[in-house]
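Hi,

Here is the structure I said I would pass on. Have a look at it first, and my notes on what turned up are underneath.

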Amino acid sequence: AVVSTQSTGKPPGAPRPPGAPRAPTGSIVKAGRFQPQVIPKVKVLPLHWQKIPPISFKKSVWVELEDISPIIDVLKLEELFATKQVAKQISKQAKTAEKLNYLDSKRSQNIGIFLHGTSIKPSCIGELVARIKNGDNMENIASLKKFSPTADDIKTFTKIPESQVASLDKADQLMWYMVNTPYFSQRLNIIEVTISIPDDIEDIKRMVDNILEVCRVLLSSNSFLRFLEKILAIGNMMNASIKKTSPGFKLSSTLPKLPGIKNQDKSVSLLDFIVEQAVLLDGDCLKFVNDLEIVHSASASSSIVALAAEVDIMKQDMNKLSMKANDISQKCPPDSQAHRELEVFVDDVRSFVKFFQQNVYLLGEQSTKMKSDYSKVLERFGESPNTDSEEFLKMLSEFQTALVDSIKRCNHPLPACVAHLKPQSKPPVSPHGMKPKQMMQMDIASSLMNSSLFKRTAQPDIAT
């Protein structure tokens, strides 16, 4: 920017005493012209305004205002409002300005894509790991972990002074800040665990609760036993001729077969017949059908063995969090600024562990109960103690669906406990949009027209 040679005898922009007359700065009106002290070096867009005539200037408020051009950001003015031709030249110069690049091209490109798709600025990367609550975007954390500094990166970027960071490519700037943020990778790993643990606890708890509810139904439902009683009676009646009667049967091998056994014309399944007999003899034995709906959610869960293992892993993760946080705190020099910043992070981790450790403990108690109740279910119904929970729950889910379908097909009035499953018949639709009263009148008229009163009978003439 060019500064006018005229001077007021005081620093540019310094205020004059209140009430003092306006100093003859570079704004002296010469032949109706006003010259600011600082002007752009490049040609900028003009502001087409209507100037105050010299004769009006002396009596106007403008005489009290000063030229503050020295404190205006002239560079920003040039950048924003340069003419098109100048702007193109500036843009071209900016593009041709080379940035230093130390990362290999593929890694630099991947980091560049990440930066383009996020609002994270390289210089603010330290804020992301300053507190565990700051790292609430799992996608960003996962990407940054993928770009974590290698041993070679640390060796390269620790040699670059902070004064040269602006000359680096954006991807290299990010790497510089990651390398020069104390324990960046370690804190990133801790944050990743703290993000996942609350959701993991919630997911596992939901699946454990679903399985516990299925076990509760199977262990306590009297109506389910009464329904099994009917299956047992009908099955023994069918097997009597081949001498394969039995005092009991395995659910896992028998229930899936009931919908597949059909009559001669394939219109009625054995399960349909069992439901019909249940409705006629003991309708309330179908109460369990509603309670067993939870089995659909439970069957979508992991196996009981897998869920118990996940709870154990979560307990280990909580212990590792505390150990890693303490390790960071102990390794950092106690009198450094970095140590004071890290202590805030470490305190966050300790608070997190204290809060969620109780949740994990309670989840472990529920997991133990789940395993115990499932074992009781297998023993209650004579199933093998090694029966896989995923297969068993899936079988029950499919049976419950088939049972509901059979109940819907039942031609007899359903008991109140399952009446809601019966499809509701829709009221007849009036033809041509007729109202019910019009339809009734039409039906009456049609009946009269078809009656004998309105029909001509073909009778022979009477001879006279």
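A cut-off to start with: a residue is called buried when its relative accessible area is under 20%, exposed when that is over 50%, and partly exposed in between. Keep in mind as you read that this is a predicted model.

That cut-off matters straight away for D282, which is buried because its relative accessible area, 19%, falls under 20%. The side chain of D282 meets that of R226 in a salt bridge, with N to O at 3.0 Å. R226 sits in helix α10 (residues 222-239) and D282 in helix α12 (residues 270-282), so this pair ties together parts that are 56 residues apart in sequence. On the R226 side the relative accessible area is 22%, which makes that residue partly exposed.

There is another salt bridge on α12, between D272 and R409, where the closest N and O atoms are 2.9 Å apart. This one also links distant parts of the chain: D272 belongs to helix α12 and R409 to helix α17 (residues 389-409), with their positions 137 residues apart. D272 is buried at 14% relative accessibility, whereas R409 is partly exposed at 48%. Back with the R226 pair, salt bridges that share partners join R226, K230 and D282 into one network.

What about a pair within one helix? K205 and D209 form a salt bridge at 2.9 Å, N to O. They are four residues apart in helix α9 (residues 184-220), which means about one helical turn separates them. K205 is partly exposed, at 41% relative accessibility, and D209 is partly exposed too, at 28%. The count for the model comes to 11 salt bridges.

Next, the nonpolar side. In soluble globular proteins, nonpolar side chains tend to be buried together. Here the largest nonpolar core has 97 residues, and the ones that touch the most other members are I125, L218, F227, L255, L286, L403 and I407. Helix α9 gives the most to this core, with 16 residues. If you want one residue to click on, try L403: leaving aside neighbours within four places in sequence, L403 is in contact with F227, L271, V275, F288 and V289.

S269 is worth a click as well. Its place is in the loop between α11 and α12, and with a relative accessible area of 5% S269 is buried. Which residues does S269 contact, leaving aside its neighbours within four places in sequence? They are L258, P259, I261, K262, S406 and R409. That last one, R409, is the salt-bridge partner of D272.

Finally, the second largest pocket. Its volume is about 330 Å³, and its lining is made up of 19 residues, with I231, G235, N236, N239 and T254 nearest the centre. The elements that give two or more residues to that lining are α10, α11 (251-254) and α12. Of these, α10 gives the most, with seven residues. By type, the lining residues of the second largest pocket divide into nine nonpolar, eight polar and two charged.

If you open just one view, I'd go for α10: this helix holds R226 of the bridge to D282, and α10 also gives the most to the lining of the second largest pocket.

Cheers

Terms used
Residues are numbered from 1 along each chain as its sequence is written. This is a predicted model: local features need pLDDT of at least 70, side-chain atom pairs count only at pLDDT 80 or more; totals for chains, interfaces and linings use all residues. Side-chain values use heavy atoms; hydrogens and water are left out. A salt bridge is a side-chain nitrogen of Lys or Arg within 4 Å of a carboxyl oxygen of Asp or Glu. Buried means under 20% relative accessible area, exposed over 50%, partly exposed in between (1.4 Å probe, protein chains only). On a 1 Å grid over the protein atoms alone, a cavity is a set of points where a 1.4 Å probe fits but cannot get out, and a pocket is an open set with protein on both sides within 12 Å along at least five of seven lines; lining residues have an atom within 4 Å of a point. Grid points are joined across faces, edges and corners, and a volume is the space filled by probe spheres set on the points. Ala, Val, Leu, Ile, Met, Phe, Trp, Tyr, Cys and Pro count as nonpolar, Asp, Glu, Lys and Arg as charged, and the others, Gly among them, as polar. A nonpolar core is a set of buried Ala, Val, Leu, Ile, Met, Phe, Trp, Tyr and Cys residues joined through side-chain atoms within 4.5 Å. Contact means heavy atoms within 4.5 Å.
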